[in-house]
Amino acid sequence: MALIRKRRLTDQQKRRIEKQHKSRQEELDTSNDLEGLVVQHYGRQLEVQALTIPNPHPEKPIVATGEPEPFWKPIELGSVWRCHTRTNLELLVTGDKVKWQADPNTGLGIITAIHPRTSLLTRPDRYHKVKPVAANVSLIVIVFAVLPEPAPTLIDRYLVACNDADIPALLVLNKTDLLKDDDHLLKLVQEYRNLGYEVMLTQSDGDLTELKQRLENETVAFVGQSGVGKSSLINSIVPEALQKTNIISENSALGQHTTTSTRLIKIGENSALIDSPGIREFGLWHLDLEKIDAGFPEISDVLGHCQYRNCTHTHEKKCALKQAVEENKILARRLTSYLRLIDEITEAQQKS
Ligand SMILES: Nc1nc2c(ncn2[C@@H]2O[C@H](COP(=O)(O)OP(=O)(O)O)[C@@H](O)[C@H]2O)c(=O)[nH]1
Ligand SMILES: [Mg+2]
Ligand SMILES: [Zn+2]
């Protein structure tokens, strides 16, 4: 008995000492690490952009005259490096801010640590596991357009997803060149503004100064139905991004994607755009029932005030939500949206 206890203690001590040793080692190893930004990831392959450079910079090996020049990649600000990660790190994604080390002799880097994330966009993989897609997105631009005619339920759905990801949303009505005077869409714009959402009106080849200013200091993701002009807008804002526009037979229609990578594109000095097929599908993934309520703040305010606790807000005579609609406190359209989303999710849950 005593023996066992003694051995257990020793094991524990050993582990503790090892742990202390390891963390001290890591501290030592990482004290000269560089700061970096993950600008692209394909599965476990990562590309990191150097945000700082070592001081002093490692010196290029000198070779005797006549000898071939060895490989050498200087560590420059903004240079992009293919990197591995330390095995103890969680799965990293585009947008992650990291600590890393560069090896000029190989042109490869190793990521040693990850900085805390301010946000994380995820999506289910084909095995229904949650996969991270992009980190540190600070603004989601929901693009809709005069044509194709927007489905307000879809916009509401995006808003629910943004709220769930805890990322502010900016609504952008694009293709305003196609707006008619007195267009019903202007009413829709006003409705969202009344609900407290930020809405901008744009035309892809028009003056985008206001939008560009709004994107300053943000890491942005553009979402929205196909054909609304996301790629066109992105091309106008960051011509370097070179988005393909208007390819109707885009592979995604067949459930495939031309690329599975998620990349980060700088917009000027302090802003960035993160783009990937996964992000384009943002908001269309499965949502949880309890997240719907939170995405409709004006409805959440009234929920719980119905006569019946299990009120379906449809046929009941004394329903607080329906009453709020009659009193113009809630838009009938928003209640319809809300109930449709609830229905959809309840149905999906019954199936699985
Ligand atoms: N009239 C008009 N057409 C636009 C505008 N922006 C984009 N388009 C057109 O709408 C179509 C779809 O644009 P695209 O950028 O590919 O949309 P995405 O699917 O959201 O990326 C293309 O034919 C564009 O030329 C705009 O502001 N006004
Ligand atoms: Mg596009
Ligand atoms: Zn009710």
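# Exercises on a predicted chain

The chain folds into 10 helices and 13 strands. Keep in mind that this is a predicted model. Let's work through it.

**Exercise 1. Find out how confident the predictor is along the chain, and where the pLDDT drops below 50.**

Step 1: Start with the whole chain. Its mean pLDDT is 87, and 88% of the residues get to 70 or more.

Step 2: Now look for the weak spot. Residues 246–259 have a pLDDT below 50. Leaving out near neighbours in sequence, that stretch makes 6 contacts in the model.

**Exercise 2. Work out how much of the chain is buried, and how far apart in sequence its contacting residues are.**

Step 1: Of the 352 residues, 30% count as buried.

Step 2: Take the contacts between residues at least 6 apart in sequence. Of these, 65% link residues at least 24 apart.

**Exercise 3. Track down the largest nonpolar core and the residues that touch the most other members.**

Step 1: A bit of background helps here: in soluble globular proteins, nonpolar side chains tend to be buried together.

Step 2: The largest nonpolar core here has 68 residues. Those touching the most other members are Val48, Ala134, Ile140, Val141, Ile142, Val143 and Ala221.

Step 3: Strand β8, residues 139–145, is the top contributor to this core, giving 7 residues.

Step 4: Zoom in on Ala134. Setting aside neighbours within four places in sequence, its contacts include Val93, Leu121, Ala221, Ile274 and Ile279. Thr94, Gly95, Thr262 and Ser276 are also in contact with Ala134.

**Exercise 4. Describe what surrounds ligand 1.**

Step 1: Count the shell: 16 residues. The closest are Ser204, Gly229, Lys230, Ser231 and Ser232.

Step 2: Sort the shell by character. You get 11 polar, 3 charged and 2 nonpolar residues.

Step 3: Ask which element gives the largest share. That's helix α5, residues 230–237, with 3 residues of the shell.

**Exercise 5. Decide whether Gln203 is buried or exposed, and list what it touches.**

Step 1: Place Gln203 first: it sits in the loop between β10 (198–201) and α4 (209–215).

Step 2: Count its surroundings. There are 20 other C-beta atoms within 10 Å, and 20 or more is the cut-off, so Gln203 is buried.

Step 3: Not counting residues up to four places away in sequence, Gln203 touches Asn174, Lys175, Thr176 and Asp177.

Step 4: Compare sequence with space. Gln203 and Gly229 are 26 residues apart in sequence, with 8.8 Å between their C-alpha atoms. Gly229 is also one of the residues closest to ligand 1.

**Exercise 6. Spot the unusual backbone geometry: cis peptide bonds and positive phi values.**

Step 1: Know what to expect: most residues other than glycine have a negative phi, and most peptide bonds are trans.

Step 2: Look for cis bonds. One joins Asn55 and Pro56, with omega about 0 degrees; Pro56 belongs to the loop between β2 (45–50) and β3 (80–85). Another joins Leu147 and Pro148, with omega about -5 degrees; Pro148 is in the loop between β8 and α2 (152–165).

Step 3: Look for positive phi outside glycine. Asp182 has a phi of about 65 degrees and lies in the loop between β9 (169–174) and α3 (184–194). For Asn328, phi is near 60 degrees, and its loop runs between α9 (320–326) and α10 (332–351).

Step 4: Check exposure, where 12 or fewer neighbours is the cut-off. Asp182 counts as exposed because it has 7 C-beta neighbours inside 10 Å. Asn328 has 8 such neighbours, so Asn328 counts as exposed too.

Definitions and conventions:
Residues are numbered from 1 along each chain as its sequence is written. Chains are lettered from A and ligands numbered from 1 in the order in which they are written. This is a predicted model: local features need pLDDT of at least 70, side-chain atom pairs count only at pLDDT 80 or more; totals for chains, interfaces and linings use all residues. pLDDT is the predictor's confidence in each residue, from 0 to 100. Two residues are in contact if their C-beta atoms, placed from the backbone, lie within 7 Å. A residue is near a molecule or strand if its C-beta atom, placed from the backbone, lies within 6 Å of it. Helices (H or I, at least four residues) and strands (E, at least two) are DSSP runs, numbered from the N terminus. Ala, Val, Leu, Ile, Met, Phe, Trp, Tyr, Cys and Pro count as nonpolar, Asp, Glu, Lys and Arg as charged, and the others, Gly among them, as polar. A nonpolar core is a set of buried Ala, Val, Leu, Ile, Met, Phe, Trp, Tyr and Cys residues joined through C-beta atoms within 7 Å.
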